[in-house]
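Colleague: I have a predicted model open and I would like a close look at its sheet. Please take me through the strands, and then through what surrounds them.

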Amino acid sequence: MSDPRPRDYQQQRVDDFEQEVVDPIAHFLLSRDDIAALVDKLCRLTGAPVPEIRYRGSTDLACRAVVGGGAYRLEFADWGRTPPVVIHECAHLAQLADPEGRRELQAGVHHGPVFVRLVIDLYATFMAVEVDVLERRATEHRVQFAPRRVVASNFTSVVF
């Protein structure tokens with residue numbers, strides 16, 4: 001019997017959580033240099049290779065991590081040049097670099113519990129938000145996340 005849930009069953013819940021909780025914390029546009037520096041720091045921290053970065057110059061296209069078929073890049077539309085969006089897309093690269101996260105991706109679950117764990121830890125580290133607060137708010141939005149692996153406060157905070 002197949003699983004009745006859609007493959008990426010909690011994408012909308014993750015989007016709602018981020019729009020309500022995370023986006024208002026750091027809703028300002030980054031320069032291209034700032035994005036490149038943040039992507040570099042995020043990838044070094046998570047062990048993901050640093051990707052090519054493309055800017056799509058649109059207000060209605062999606063921001064995304066593009067991996068496969070020889071591609072390994074991040075694409076940012078103008079509206080998505082904010083710290084939360086950059087962190088979210090880099091968390092997808094971290095998900096690919098993580099064995100458990102890779103299993104989620106292979107199952108077609110791009111916003112599964114491992115991804116959410118990674119993105120919560122990255123938000124906490126780079127946006128100076130308490131992990132407990134993010135976990136509580138994610139739970140309120142019915143977003144599932146994997147158990148903690150490390151104490152994110154051990155990492156150096158980054159100030160924009």
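What follows is one walk through the sheet, its loop and the helices around it.

Modeller: Keep in mind throughout that this model is predicted. Start with the whole chain. It holds 6 helices and 3 strands. Along the sequence the pattern reads α-α-β-β-β-α-α-α-α. Of the 160 residues, 46% count as buried. Take the contacts between residues at least 6 apart in sequence: 58% of them join residues at least 24 apart.

Now the sheet. Its 3 strands form an open sheet in the order β1-β3-β2, and the pairing is mixed. β1 and β2 stand at the edges with a single partner strand each, so one side of each has no neighbour in the sheet. From one strand to the next, the twist averages 25°.

What packs on this sheet? Helix α2, residues 32-46, does so and touches β1 and β3. The direction of α2 makes about 150° with that of β1. Helix α3, residues 83-97, also packs on the sheet, and touches β2 and β3. The direction of α3 makes about 165° with that of β3.

Look at β3 next. This strand covers residues 71-76 and is mostly covered, with 5 of its 6 residues buried. Which way do its pairings run, parallel or antiparallel? β1 and β3 run parallel, joined by 4 bridges. β2 and β3 run antiparallel, joined by 5 bridges. As background, strands of a sheet pair through backbone hydrogen bonds, either parallel or antiparallel.

You can follow the register residue by residue. On the β1 side, E52 has R73 of β3 as its bridge partner. R54 has E75 of β3 as its bridge partner. On the β2 side, R64 stands opposite E75 in β3. E75 is thus a good place to centre your view: R54 pairs with it, and R64 stands opposite it.

Then the connections. β2 and β3 form a hairpin, with 2 residues between them. G69 sits in that turn and has a positive phi of about 60°. The link from β1 (52-55) to β2 (64-68) is a loop, and L61 is found there. Is L61 buried or exposed? L61 is partly exposed, because its relative accessible area is 34%, and buried would require under 20%. Set aside the neighbours within four places in sequence, and L61 is in contact with R56, A77 and W79. L61 and G80 are 19 residues apart along the chain, and their C-alpha atoms are separated by 9.4 Å.

Now to the cysteines. C63 is buried, with a relative accessible area of 9%. C43 is buried too, with a relative accessible area of 2%. How many disulfides are there? The count comes to 0. C43 is in no disulfide, and the nearest cysteine sulfur is that of C90, 4.7 Å away. A disulfide needs the sulfur atoms within 2.5 Å, so this pair does not qualify.

Go back to α3, the helix that touches β2 and β3. H88 lies in this helix. Its relative accessible area is 8%, so H88 is buried. The side chains of H88 and E18 are joined by a polar contact of 2.7 Å. Leave out residues up to four places away in sequence, and H88 touches V14, E18, H111, F115, V119 and Y123.

Last, helix α6, residues 131-140. Which of its residues are buried? They are V131, L134, E135 and A138. Seen down the axis of α6, these buried residues fall within an arc of 100°, so they line one face of the helix. They pack against α1 (11-22) and α5 (113-127). Just after α6, R142 takes a positive phi of about 60°.

To go over it on screen, begin with β3 between its two partners, in the order β1-β3-β2. Add α2, which touches β1 and β3. Then add α3, which touches β2 and β3. From there, pick out H88 in α3 and follow its polar contact to E18.

Methods: Residues numbered from 1 in each chain as written. Predicted model: local features only at pLDDT ≥ 70, side-chain atom pairs only at ≥ 80, totals over all residues. Heavy atoms only, no water. Buried < 20%, exposed > 50% of the residue type's maximum accessible area, 1.4 Å probe, protein only. Contact = heavy atoms within 4.5 Å. Pairing = 2+ DSSP bridges. Axes fitted to C-alpha atoms, helices over the stretch in contact; angles between N-to-C directions. Arc of directions from axis to C-beta. Polar contact = N/O pair within 3.5 Å; in protein donor to acceptor, adjacent residues only side chain to side chain.
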